[in-house]
Amino acid sequence: VLGAAPGVVQTITGSSAHRGCLGLFARPDSPSPAEVLANRRTVVVTEGVSNPVNLGLIARSAVGMGAEALLVDPDSADPLYRRASRVSMGEVFVVPHVRLAALPVGLEPLRAAGFTLLALTPAADAVDIAELPVGADEPVALVVGAEGPGLSEATELAADVRVRIPLSGGVDSLNVGAAAAVAAYALGRAARLAFPIPP
């Protein structure tokens, strides 16, 4: 244990908002996409989610609604970045995650593992996610983009289905963390309705 004055800690962290206690850890070796995808049914893939707060929200809320892994493209924030880890309430240290190649090429490991690729978009012509038939054992990957630009055209075209969350009240879209959570819940609910758990 090393003691340091506040000024020293601020110099190390670059922030005056620390809580006075720091830890330094060796980053574990990253697993392969195939290892992360093995035996998982619902995963979230991010494209261009560079805001660490939004990535932390996805890790916390989507996982809380049933997502089992997080796969990020090169333009997405680092899940272990301090703001992402703080907003996720530590979920980034629990949920398996891996960095993919740039999308849409980075989606190939998911295709190889048998995942159905669902591109989340606010477009009116996309399928209502609540009406999407999902089998209980069907592996699905929810692909989400950054707020504003959303998914690239190439990534949307590479997906199997474009899905949307129907909104009301004149709201045109949700925060990407909220959208990922709602979509993960809808996918889990669809699977439970298709194959209910016996009493």
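The paragraphs below lead through a predicted model of a protein chain, from its overall build to a few individual residues.

The secondary structure of the chain comes to 7 helices and 7 strands, and, read from the N terminus, these elements follow one another in the order α-α-β-α-β-α-β-α-β-β-β-α-β-α. The radius of gyration of the chain is 18 Å, which agrees with the value near 16 Å that a compact globule of 199 residues would have. Along the principal axes, the C-alpha trace spans about 60 × 40 × 40 Å. Of the 199 residues, 40% count as buried. Where contacts between residues at least 6 apart in sequence are considered, 79% of them join residues at least 24 apart.

Pro139 offers one example of a link across the sequence. This proline is found in the loop between strand S5 (127-128) and strand S6 (140-145), and its C-alpha atom is separated by 9.3 Å from that of Leu37, although the two residues are 102 residues apart along the chain. Once residues up to four places away in sequence are set aside, Pro139 touches Arg40 and Arg41, and also Gly114, Phe115 and Thr116.

The next feature is the largest pocket, which holds about 1,400 Å³ of space. Its lining is made up of 39 residues, of which Gly23, Phe25, Leu80, Arg82 and Phe93 are the closest to the centre. The elements that give two or more residues to this lining are helix H1 (6-13), helix H4 (82-87) and strand S3 (97-99), and the largest share, 4 residues, comes from H1. By class, the lining of the pocket has 23 nonpolar residues, together with 9 polar and 7 charged ones.

Which residues does Glu156 contact beyond its neighbours within four places in sequence? They are Ala119, Thr121, Leu151 and Arg162, and with the last of these the contact includes a polar one, made between the side chains of Glu156 and Arg162 at 2.7 Å. Glu156 itself is found in helix H6 (residues 153-158). Because its relative accessibility is 19%, and buried means under 20%, Glu156 counts as buried.

Some features of the backbone also deserve attention. Most residues other than glycine have a negative phi, and most peptide bonds are trans. Against that background, the bond that joins Leu103 and Pro104 is a cis peptide bond, with omega at about 10°; Pro104 is found in the loop between S3 and helix H5 (108-112). Asn39, a residue other than glycine, has a positive phi, near 60°. Asn39 lies in the loop between helix H2 (33-37) and strand S1 (42-47), and counts as exposed because its relative accessibility is 83%. Met89 has a positive phi as well, of about 55°, although it is not a glycine. The loop in which Met89 lies runs between H4 and S3, the helix and the strand that are also among the elements named for the lining of the largest pocket. With a relative accessibility of 58%, Met89 therefore counts as exposed.

Methods
Residues are numbered from 1 along each chain as its sequence is written. This is a predicted model: local features need pLDDT of at least 70, side-chain atom pairs count only at pLDDT 80 or more; totals for chains, interfaces and linings use all residues. Side-chain values use heavy atoms; hydrogens and water are left out. Buried means under 20% relative accessible area, exposed over 50%, partly exposed in between (1.4 Å probe, protein chains only). A polar contact is a pair of N or O atoms within 3.5 Å; within protein, one must be able to donate a hydrogen and the other to accept it, and residues adjacent in sequence count only if both atoms are side-chain atoms. Contact means heavy atoms within 4.5 Å. On a 1 Å grid over the protein atoms alone, a cavity is a set of points where a 1.4 Å probe fits but cannot get out, and a pocket is an open set with protein on both sides within 12 Å along at least five of seven lines; lining residues have an atom within 4 Å of a point. Grid points are joined across faces, edges and corners, and a volume is the space filled by probe spheres set on the points. Ala, Val, Leu, Ile, Met, Phe, Trp, Tyr, Cys and Pro count as nonpolar, Asp, Glu, Lys and Arg as charged, and the others, Gly among them, as polar. The radius of gyration is taken over C-alpha atoms; the globule rule is 2.2 Å times the number of residues to the power 0.38.
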